[in-house]
Amino acid sequence: MNIAVIGGTGLIGSQVVKKLEAAGHEAVPHSLSTGVDVITGQGVAEAVAGAEVVVNLTNSPTFDDASLAFFQTSMDNILAAAREGGVGHVVILSIVGVEHVAQLDYYRAKVLQEDILKAGPIPYSIVRATQFMEFVDAILSWTTEGDTVRLPTTPLQPIAAQDISDIVAEVAAGPPLNGTLNIAGPDVFPLDELGRITLDARPDGRTVVTDDTAGMFAVVEGDVLTAKGDARIAPTRYTDWLS
Ligand SMILES: NC(=O)c1ccc[n+]([C@@H]2O[C@H](COP(=O)([O-])OP(=O)(O)OC[C@H]3O[C@@H](n4cnc5c(N)ncnc54)[C@H](OP(=O)(O)O)[C@@H]3O)[C@@H](O)[C@H]2O)c1
């Protein structure tokens with residue numbers, strides 16, 4: 001199949017391109033660095049022309065309220081070009097439980113992205129993943145002060161980018177789900193424990209202090225970001241990924 005991967009130079013996008021190519025598809029990466037801008041619309045029509053499937057793995061440069069405009073404009077531009085180009089399937093990557101965290105601008109922006117896709121004219125698939133293992137270092141950095149990292153006990157279920165890209169590539173090459181597939185890593189950790197496991201494996205002088213008011217995940221209520229019974233569980237364990 002001919003598959004346009006927009007955001008195909010990113011963490012997930014670059015792996016999805018490789019996996020689709022390895023499976024015999026023609027997968028073409030597009031992004032700002034290849035001259036395609038999903039916000040101005042520059043190059044989007046050309047990027048999707050001739051593609052049977054569009055995988056949108058772009059990401060907002062910020063997590064603040066500007067992310068709402070990013071996901072709205074990018075989705076509008078991609079869907080308009082995809083309809084014009086006769087694309088038969090659009091795939092996006094969202095977040096497990098995202099509709100339960102309306103306090104976070106970025107999460108509301110991802111819900112908006114999903115809603116635009118669902119209301120649009122093209123058959124679609126939404127893959128919702130839990131937090132990336134590759135994202136844990138950034139989470140720790142946001143609440144580091146000196147040698148202390150403050151983290152709440154929010155339950156998270158990290159998943160490896162390689163497992164996500166396997167599943168996104170599989171979904172892209174399959175029929176549209178016209179629905180959502182939830183995917184998650186094999187283990188749930190309170191975020192403070194996840195921080196301690198990370199720093200035990202890669203000591204850098206920092207220690208974790210439990211603080212249920214610290215960082216963006218403090219506003220998350222209960223275990224809404226972890227997988228429920230319908231999710232597909234990916235194989236890579238966090239402790240193996242760390243080593
Ligand atoms: N972080 C998590 O835990 C998590 C969990 C679930 C889902 N997700 C979702 O997963 C998706 C992929 O995330 P990621 O971490 O792989 O992203 P990433 O590594 O930050 O890559 C972002 C990609 O978007 C491209 N891009 C940004 N602005 C663009 C624009 N205006 N026009 C065209 N391309 C643009 C970048 O292109 P250049 O390289 O050329 O700049 C890059 O290819 C996101 O939608 C995110 O919401 C994340």
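# Exercises on a two-sheet chain

The chain has eight helices and twelve strands. Helices (H or I, at least four residues) and strands (E, at least two) are DSSP runs, numbered from the N terminus. This is a predicted model: local features need pLDDT of at least 70, side-chain atom pairs count only at pLDDT 80 or more, and totals for chains, interfaces and linings use all residues. Residue numbers start from 1 along each chain as its sequence is written.

## Exercise 1: overall shape

Task: Find how compact the chain is, and how much of it is buried.

Solution:
- Step 1. The radius of gyration is taken over C-alpha atoms, and the globule rule is 2.2 Å times the number of residues to the power 0.38.
- Step 2. The chain has a radius of gyration of 18 Å, close to the 18 Å from the globule rule for 243 residues, so it is as compact as a globular protein of that length.
- Step 3. Along the principal axes, the C-alpha atoms fill a box of roughly 55 × 35 × 35 Å.
- Step 4. A residue is buried if 20 or more other C-beta atoms lie within 10 Å of its own, exposed if 12 or fewer, and partly exposed in between; C-beta atoms are placed from the backbone.
- Step 5. Of the 243 residues, 44% are buried.

## Exercise 2: the seven-strand sheet

Task: Work out the strand order, the edges and the pairings.

Solution:
- Step 1. Two strands pair if DSSP finds at least two bridges between them.
- Step 2. The open sheet of seven strands runs β2-β1-β3-β4-β5-β9-β12, with parallel pairing.
- Step 3. At the edges stand β2 (26-30) and β12 (232-233), each with a single partner strand, so one side of each has no neighbour in the sheet.
- Step 4. Five bridges pair β1 (residues 2-6) with β2. Here V5 is opposite P29.
- Step 5. Four bridges join β1 to β3. I3 is opposite V53 in β3.
- Step 6. β3 and β4 also pair over four bridges, with V55 opposite V91.
- Step 7. In a regular strand the side chains alternate between the two faces of the sheet. In β3, V53 and V55 point one way, V54 and N56 the other, and all are buried.

## Exercise 3: one residue, P29

Task: Describe the surroundings of P29.

Solution:
- Step 1. P29 is found in strand β2.
- Step 2. P29 is buried, with 22 other C-beta atoms within 10 Å.
- Step 3. Two residues are in contact if their C-beta atoms, placed from the backbone, lie within 7 Å. Not counting residues up to four places away in sequence, P29 touches V5, G8, T9, G13, S14, V17 and T34.

## Exercise 4: the three-strand sheet

Task: Identify the edge strands and the helix lying across this sheet.

Solution:
- Step 1. The order is β6-β7-β11, an open sheet with mixed pairing.
- Step 2. β6 (144-145) and β11 (207-210) are the edge strands, and each pairs on one side only.
- Step 3. β6 and β7 (residues 148-151) run antiparallel, joined by two bridges. E145 has T148 as its bridge partner.
- Step 4. Axes are lines fitted to C-alpha atoms, for helices over the stretch in contact, and angles run from 0 to 180 degrees between N-to-C directions. Helix α7 (residues 191-201) lies across β7 and β11, at about 170 degrees to β11.
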